[in-house]
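The following exercises are to be worked through with the sequence and the three-dimensional structure at hand. Each task is followed by its solution in steps.

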Amino acid sequence: MTSGQSSAVEKVLYGNSVSPGIGMSRCVVVNHARPSIIERNISPKETSQELDRFQKALLLTMHQLEDVEAKVREMIGQKDAEIFASHQLVLEDQILLDEIARLIQVELLPAELAADKVFKKCISSFEKLSDEYFKQRVADIKDVSSRLIDNLTGWVSTWYETLSEPTILVGKDFSPSETVQWDHKLIVGVITEQGGPTSHVAILARSLRIPAISGLDNATEQLKTGQFLLLDGYKGAVIVSPTVKTRLAYGKYLEKIQTIEQELEADSRKPSVTLDGRYVLLGANLAKAMDAQKAYSFGVEGIGLFRTEFFFLNKEQLPTEEEQYEVYRKVGISMNKRPVVIRTLDIGGDKNSPGLSLSEEDNPFLGCRAIRLCLKYSHIFKVQLRALLRAGAVCKNLKIMYPMISSLEEFDRAQELLKECMMELDREGVEYNPEIEVGIMIEIPSAVVCAQELAHRAAFFSIGTNDLIQYTLAVDRINPAVNHLYQPTHPAVIRLISDTVRAAHGGRRSGGIPVAICGEMAGMPELIPLLIGLGVDELSVSLPLLSKIHCLIRRVSFQECQKLAHQAMEMKYAAQIQELSAQFAKEAAPEVFLN
Ligand code: PEP
Ligand code: MG
């Protein structure tokens, strides 16, 4: 911990908001000064002693995690306690454990050095993944490895025991295990240099309703222990040494926000219908089975996108049919008859799995990804299809969705494989749902061009705007150098959405099929009037965005949105379309844009 004195001059620093709320107090800057691990070798005679030391530290770490899990369960509930159950799983990973033992026995490394090397390698391979969720899981591995290594070196961090008054904590990052040991009544805010909205500190901060900001550059150097801070967790801002005038203004702002939030939450159980009675199904995008229960308890009307890659990434062994069946069944049951769209494996591109041994590609986003990969490795695809068909027998609400369909042939081939699975299950006398609905993601321009034909085959469409924008505008979605060209309201994108809706509504031999949007565009409040006006039937967004999107749906009239969409279709520039919809949205639901 460093010390310093407060400065009298007010200044504002910006990071990213990860947990809303306002916190005001003096801060404590925490520096984790762990002793560095010295590179050295042990003698061959010492290996059994080191292996023994490692085993003992492993057991101790497991027990500590069990204790922490029990504490969190008691404090904030089962869901958040599962973070620590997943930490325990890291310590059960036989591949990691074997590699640590090998480094001790063969490379003659002391236990802490062996563990440090193995975990660092694992962390760096996770960090290379572009998927934000998996990047954030790096924090879990770091937390577990630090705990294990601390147990080997005997280092203990006890700074939090010295806190005695309300405090805003500032650190490079805080581990979940550390977070739960704080006296939460004393923590009025958290500021970190690293981490993001899906880091577990952020998740815990939100559960505990502690305002938090991440990504504040050099926070541990810019801020000094003892400084008075006003942390604005809505805007991601920190006001250092706020004047009395600023503090009073914030007091009023906070009162207003609290009233609005209560109103938004109270309303979120009402049906998502526009003022003139058009129902827009509002679903959630999930990647973990355990979030389905949370979604259901929020009153979510369905799951519009369940990403299944999670079970495959970084797995040496691909998940079995039985393992997948259990997950899909669990999600289906959690949603209690409400529709659940499970997307089949979308791996390749920027996501890899050691269990698949994919070869390197020069243009991976244009390469063997998603349905292409599934059709190539049909034995892997069929395991997933069988699991889905079987889970569908128990949960009639489950639907299958194929990602990255670019042609009729791909859809037809996937359907042939599904049929083959049905025939196999018939032969084996295993129950399945022969009527399971099968839809496709519309995320490649060629699929829009062929949408009329696809709409007579598929049971539903879901527009993946993240990829549709990337492939339409030839802008790599993960390359910051071309970020400014990634424009959701580019006229070409808007026209493609409109064409998709028209094709869907004239599909399945003219009874029409529903069309959803499950890309990030559906979670942009300023674009909701435009999307509703374009005729989209369903929107699926991540859990934190639900109440805002819900509010917007209820505040607009479908007819007015249609007029707006008509106007937008005539426009030539992305900025004009964006402005048109944003202005309309802000007038309809100003409170959604307050923070
Ligand atoms: C999309 O492309 O919009 C989508 C939802 O899929 P993903 O982001 O997983 O590629
Ligand atoms: Mg996609």
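A polar contact is a pair of N or O atoms within 3.5 Å; within protein, one must be able to donate a hydrogen and the other to accept it, and residues adjacent in sequence count only if both atoms are side-chain atoms. The model is predicted, so local features need pLDDT of at least 70 and side-chain atom pairs pLDDT 80 or more, while totals for chains, interfaces and linings use all residues. Residues are numbered from 1 along each chain, chains are lettered from A and ligands numbered from 1 in the order written, and side-chain values use heavy atoms, without hydrogens and water.

**Exercise 1.** Determine which side chains make polar contacts with oxygen atoms of ligand 1.

Step 1. A side-chain N or O atom of Arg369 lies 3.3 Å from an oxygen atom of ligand 1.
Step 2. For Arg307 the corresponding distance is 3.0 Å.
Step 3. Glu443 places a polar side-chain atom 3.0 Å from an oxygen atom of the ligand.

**Exercise 2.** Identify the residues that coordinate the magnesium ion (ligand 2), and state whether they are buried or exposed.

Step 1. Donors are N, O and S atoms within 2.8 Å of the metal (3.2 Å for Na, K and Ca); water is not among the atoms, so sites may look incomplete.
Step 2. Glu443 (OE) and Asp467 (OD) coordinate the ion at 2.0 to 2.2 Å.
Step 3. Glu443 belongs to the loop between β13 (438–442) and α16 (445–449) and Asp467 to helix α18 (residues 465–473), so the pair ties together parts 24 residues apart in sequence. Helices (H or I, at least four residues) and strands (E, at least two) are DSSP runs, numbered from the N terminus.
Step 4. Both Glu443 and Asp467 are buried, that is, under 20% relative accessible area (exposed: over 50%; partly exposed: in between; 1.4 Å probe, protein chains only).
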